[in-house]
Amino acid sequence: MFFSKFLIYTLLLTNSLFITTALAHNNDEKSTKYDDGPYLFYNNNHIQQFDVINSKLEITNYAGPLAIPEEFKATDNDQYSDVKKFAAISDIHGQFAIFKKLLINNGVINDALNWQYGTGHLIITGDIFDRGDTVTEALWLVFKLEQQAAIAGGHVHYLLGNHEYLVLRNDQRYLHPKYKHTVSFFNDNLTEQYSVQSVLGRWLRSKSTIIKLNDFIFLHGGIHEDFLNLNMTLESANQAFRDSISKSKKELKANPLWATLHGKTGPIWYRGYFRDEQLKDEAVAGVLRKLQASKVIVGHTSMPSIETRFDGKVIAIDSSIKRGKEGELLLWENNQFFRATLTGEKKPL
């Protein structure tokens, strides 16, 4: 069953269930009490809700406010044309407060955390997970906004980054202590916490990794010739990434396709735009020609603010939100790029 408009708008008026559950306690690294959730799991003909309250697990039958689809369909087209405006952000890393503030002060959502961007597109180029202590809140906000945007004729694109893939294969190195506590209720296994039996797990498995809007390519890390040599469409590459979810390092290395996609020059890990001193403008231009694109917009490599490289062909949008102090949003409107700040100021890029 898919979301009805009534149920979606009911959700919009009930943000506290999904967005504020885990904010009751100070979830810093010295805390001994954690709140987290909800986590929803399919169980025969009903859905179970798991909440961590005062560091204890509570399980109830989910009673709303919305109906949850049994499946989340992956898109069969990862290229979008005639997009009039978009906002892009990357590497939120569990910093919900900054994420929310950027969206509110730049007109993407209102103070009630509801979509107000009309037919615009919001792109998140990966790494909502890890480091910070409000990952769950950010996930449910994106989940909700995705449904609202669709009703308004807009679109939310949550692209998977390297930290999404790390979490989905149970790599716990970058978890905040809060989430190490949560995963203890799931046999210390993130693949169980975000399994195909969980709502968030199924939702994440429907996501793409690389998309194209107009003539702009969006992804987490970057495009290297090694990826182009695979001769894959964006759609087939995204499906190959989905097929690799939850696979172990050993399994990834044993599969030549997955080894390339998840390797150092793969789309979710590549940092050559910023660290390869031998990379020339001509090489970047050549990659863009093959993709029939004018720019590539990426996160993954932290910058003090949104910046460009290679004569504007690369836009770096990881604005160091992970530090929990500042951050920026990339806006594109009236055929012009802007750096949008926490206060809502727009600065030409």
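Which residue forms a salt bridge with R309, and how far apart are the closest N and O atoms? That was my opening note, and I kept in mind that this is a predicted model.

**Entry 1: R309.** I found that the partner is E307, with the closest N and O atoms 2.9 Å apart. I then looked up how open the two residues are. R309 is partly exposed, at a relative accessible area of 28%. E307 is also listed as partly exposed, at 21%; the cut-off for buried is under 20%.

**Entry 2: the count.** How many salt bridges does the rule give? I got 9 salt bridges, and I picked out two more of them to look at.

**Entry 3: R202 and E71.** This salt bridge has its closest N and O atoms 3.7 Å apart. I wanted to know what the pair links. R202 sits in helix α8 (residues 199-204), while E71 belongs to the loop between β3 (56-61) and β4 (79-80), so the salt bridge ties together parts that lie 131 residues apart in sequence. Is each partner buried or exposed? R202 is buried, with 17% relative accessibility, whereas E71 is exposed, with a relative accessible area of 53%.

**Entry 4: D171 and R173.** I noted another salt bridge here, where the side chains come to 2.7 Å, N to O. D171 is buried at 11% relative accessibility. R173 is exposed, its relative accessible area being 52%.

**Entry 5: strands around β10.** Next I followed strand β10 (residues 295-298) to its partners. Strand β9 (residues 216-219) pairs with β10 in the parallel sense, over 4 bridges. To find my place in that pairing, I looked for F218, which stands opposite I297 in β10. β10 also runs parallel to strand β12 (residues 314-316), and 3 bridges join these two. There I used V296 as my marker, and V314 in β12 stands opposite V296.

**Entry 6: helix α4.** Does the length of α4 agree or disagree with what its residues should span? Helix α4 covers residues 135-152, and its 18 residues should span 26 Å at 1.5 Å a residue; the end C-alpha atoms are 26 Å apart, so the two values agree. I also checked its surroundings. Of the 18 residues of α4, 15 are buried, so the helix is largely enclosed by the rest of the structure. A general reminder for my margin: an α-helix has 3.6 residues a turn, so residues three or four places apart point the same way.

**Entry 7: just past the helix.** My last stop was G153, just after α4, which takes a positive phi of about 90 degrees.

Terms used
Residues numbered from 1 in each chain as written. Predicted model: local features only at pLDDT ≥ 70, side-chain atom pairs only at ≥ 80, totals over all residues. Heavy atoms only, no water. Salt bridge = Lys/Arg side-chain N within 4 Å of Asp/Glu carboxyl O. Buried < 20%, exposed > 50% of the residue type's maximum accessible area, 1.4 Å probe, protein only. Pairing = 2+ DSSP bridges. Expected span 1.5 Å × (residues − 1).
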